[in-house]
Amino acid sequence: MSKIDDLARKTVFSISPYVPGKPIEEVQREYGIDDVIKLASNENPLGPSPLAVEAMRNSISNVNIYPDGNCFYLKRDLAASLGCRADQLIVGNGSDELLKLIAETFLDPGDEIIFAQPTFSEYEFVSRVMDAVPVAVPVDSSFTHDLQAMAGRISGRTKIVFICNPNNPTGNIITGDALKDFLDKIPEHVIVVVDEAYREYATDPAYPDSLAHVREGRRLISLRTFAKIYGLAGLRIGYGISSPEIISLINRVKEPFNVNCLAQVAARAALQDVEHLRRSRELVASGKSFLYGHFDRLGLKYVPTQANFIFVDIGVDSRSAFRSLITEGVIVRTGDIFGYPNYIRVTIGTPEQNLRFVQALQKVLGSA
Ligand SMILES: *Cc1c(COP(=O)(O)O)cnc(C)c1O
């Protein structure tokens with residue numbers, strides 16, 4: 001009998017499974033610590049919008065019915081708030097699903113995709129699943145996407161360029177001018193996917209209006225999510241905005257009921273909750289200056305962030321620091337998975353969580 005491995009597609013062996021942030025329950029189980037905080041997955045520590053929770057409560061008894069596969073009402077709300085048409089929108093089971101659908105729509109084996117190094121690992125993942133060739137282009141010395149170098153790597157086989165803005169894990173942005181220059185330089189056969197999972201946290205006025213480029217007819221897909229500032233990570237819902245032509249192509253490969261009904265009603269309610277959004281932004285702004293202050297005091301270098309997490313050089317091996325922080329009940333992300341073994345990525349939490357993280361870090365670095 002043949003080995004089961006021989007039956008799998010070859011590309012499956014080139015894929016390393018996603019390494020998720022360590023779940024709180026796992027740490028509680030393994031270390032016997034009750035009070036564990038997770039600052040590893042850039043979730044919103046304020047929780048979901050109360051309006052979203054209420055909307056889900058009111059819908060819970062309808063879960064025997066299949067959801068609206070077209071997300072009609074959510075698209076209508078989004079279209080109104082974004083100033084686009086409903087047929088320019090696609091909603092996914094998280095923006096992760098949209099990344100995969102984009103890959104399935106556009107990538108033939110051997111096509112190339114370009115992304116920054118370090119960046120969100122899903123771009124490489126979805127391209128490998130399709131047997132496409134990932135091309136990683138290192139960020140520049142300020143940890144910013146090197147768009148010049150990325151443009152320089154475009155070939156006749158390049159299909160997609162992924163730009164993560166703000167970038168995960170570095171937290172910084174490319175500016176509107178930089179994006180425009182890049183778009184002006186690249187050939188027509190290249191689709192640009194701008195992943196804006198953290199856009200609502202960006203305060204820099206130079207942050208691009210990616211939809212303006214969609215409107216002017218660029219082959220650009222802007223991806224957004226309800227998982228981060230909207231606090232709905234567990235529901236899995238995100239959306240993409242592009243031309244009706246691109247959206248209709250992606251719709252061809254979409255599963256009919258990809259977005260569950262509770263996610264749809266929660267997202268609609270969350271969109272209305274400006275107060276929740278404002279509080280979430282404020283929490284991050286004040287947490288950011290608190291953490292900057294302590295990093296400065298401890299002599300730790302960090303990348304100034306436009307998101308709700310900070311990439312910080314702790315000067316020692318992050319995996320061993322991670323293990324020590326865990327024993328203090330604090331979960332962060334190690335930088336080794338991004339190619340920066342002495343860095344950690346920490347999500348900005350509540351004031352109590354930030355303080356607890358700083359105290360634990362100080363203890364671990366022996367600088368208390
Ligand atoms: C968290 C994250 C996402 C995933 O969002 P989901 O909507 O939860 O799938 C996408 N892109 C980046 C850069 C992220 O950090």
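# Close-up views of a predicted model

**Figure 1. The largest pocket encloses about 980 Å³ of space.** Welcome to this structure, which is a predicted model. A good place to begin is the wall of this pocket, which is made by 46 residues. Nearest the centre of the largest pocket are Tyr-18, Val-19, Phe-120, Ser-121 and Glu-122. Three elements give two or more residues to the lining: α5 (95-106), β3 (112-117) and α6 (122-129). Which element gives the largest share of the lining of the largest pocket? That is α6, with four residues. Sorted by class, the residues lining the largest pocket are 21 nonpolar, 13 polar and 12 charged.

**Figure 2. The largest pocket lies between two domains.** Why does the largest pocket lie between domain 1 and domain 2? Domain 1 covers residues 4-47 + 275-367, while domain 2 covers residues 50-271. Both domains give residues to the lining of the largest pocket, so the pocket sits between them.

**Figure 3. The second largest pocket holds about 240 Å³ of space.** Its lining is made of 13 residues, and the closest to its centre are Val-19, Arg-319, Phe-322, Thr-334 and Asp-336. Val-19 may look familiar, as Val-19 is also among the residues nearest the centre of the largest pocket. At least two lining residues of the second largest pocket come from each of α13 (318-327) and β12 (333-334). The element that gives the most here is α13, with three residues. By class, the second largest pocket is lined by six nonpolar, two polar and five charged residues.

**Figure 4. Arg-319 and Asp-336 form a salt bridge.** Both partners have already appeared in the view of the second largest pocket, among the residues closest to its centre. The closest N and O atoms of Arg-319 and Asp-336 are 2.9 Å apart. This pair links distant parts of the chain, with the two positions 17 residues apart in sequence numbering: Arg-319 belongs to helix α13, and Asp-336 to the loop between β12 and β13 (343-347). Arg-319 counts as partly exposed, at 43% relative accessibility. Asp-336 is also partly exposed, at 25% relative accessibility.

**Figure 5. A salt bridge joins the side chains of Asp-111 and Lys-159.** Here the N to O distance is 2.6 Å. The two residues are 48 residues apart, and their pairing links distant parts of the chain. Asp-111 lies in the loop between α5 and β3, whereas Lys-159 is in strand β5 (residues 158-164). Is each partner buried or partly exposed? Asp-111 is buried, with a relative accessible area of 5%. Lys-159 is partly exposed, with a relative accessible area of 22%. Behind such pairs is a simple idea: side chains of opposite charge can pair when their charged atoms come close.

**Figure 6. Asp-184 and Lys-180 form a salt bridge, and both belong to helix α8.** The closest N and O atoms of this pair are 3.1 Å apart. Asp-184 and Lys-180 are four residues apart in helix α8 (residues 176-185), so about one helical turn separates them. Asp-184 is partly exposed at 43% relative accessibility, and Lys-180 is partly exposed with a relative accessible area of 41%.

**Figure 7. Four residues are joined in one salt-bridge network.** Lys-180 and Asp-184 return here, together with Glu-216 and Arg-218. Salt bridges that share partners connect these residues into the network. The structure as a whole holds 21 salt bridges.

**Figure 8. Ala-270 sits in helix α11 (residues 261-272).** Ala-270 counts as buried, with 2% relative accessibility. How far apart are Ala-270 and Ser-318 in sequence and in space? They are 48 residues apart in sequence, and their C-alpha atoms are 36 Å apart.

**Figure 9. Stepping back, the chain has 14 helices and 13 strands.** The radius of gyration of the chain is 21 Å, close to the 21 Å that the globule rule gives for 368 residues, so the chain is as compact as a globular protein of that length. Along the principal axes, the C-alpha trace spans about 60 × 60 × 50 Å. Of the 368 residues, 53% count as buried.

Notes. Residues are numbered from 1 along each chain as its sequence is written. This is a predicted model: local features need pLDDT of at least 70, side-chain atom pairs count only at pLDDT 80 or more; totals for chains, interfaces and linings use all residues. Side-chain values use heavy atoms; hydrogens and water are left out. On a 1 Å grid over the protein atoms alone, a cavity is a set of points where a 1.4 Å probe fits but cannot get out, and a pocket is an open set with protein on both sides within 12 Å along at least five of seven lines; lining residues have an atom within 4 Å of a point. Grid points are joined across faces, edges and corners, and a volume is the space filled by probe spheres set on the points. Ala, Val, Leu, Ile, Met, Phe, Trp, Tyr, Cys and Pro count as nonpolar, Asp, Glu, Lys and Arg as charged, and the others, Gly among them, as polar. Domain bounds come from an automatic or database domain assignment. Buried means under 20% relative accessible area, exposed over 50%, partly exposed in between (1.4 Å probe, protein chains only). The radius of gyration is taken over C-alpha atoms; the globule rule is 2.2 Å times the number of residues to the power 0.38.
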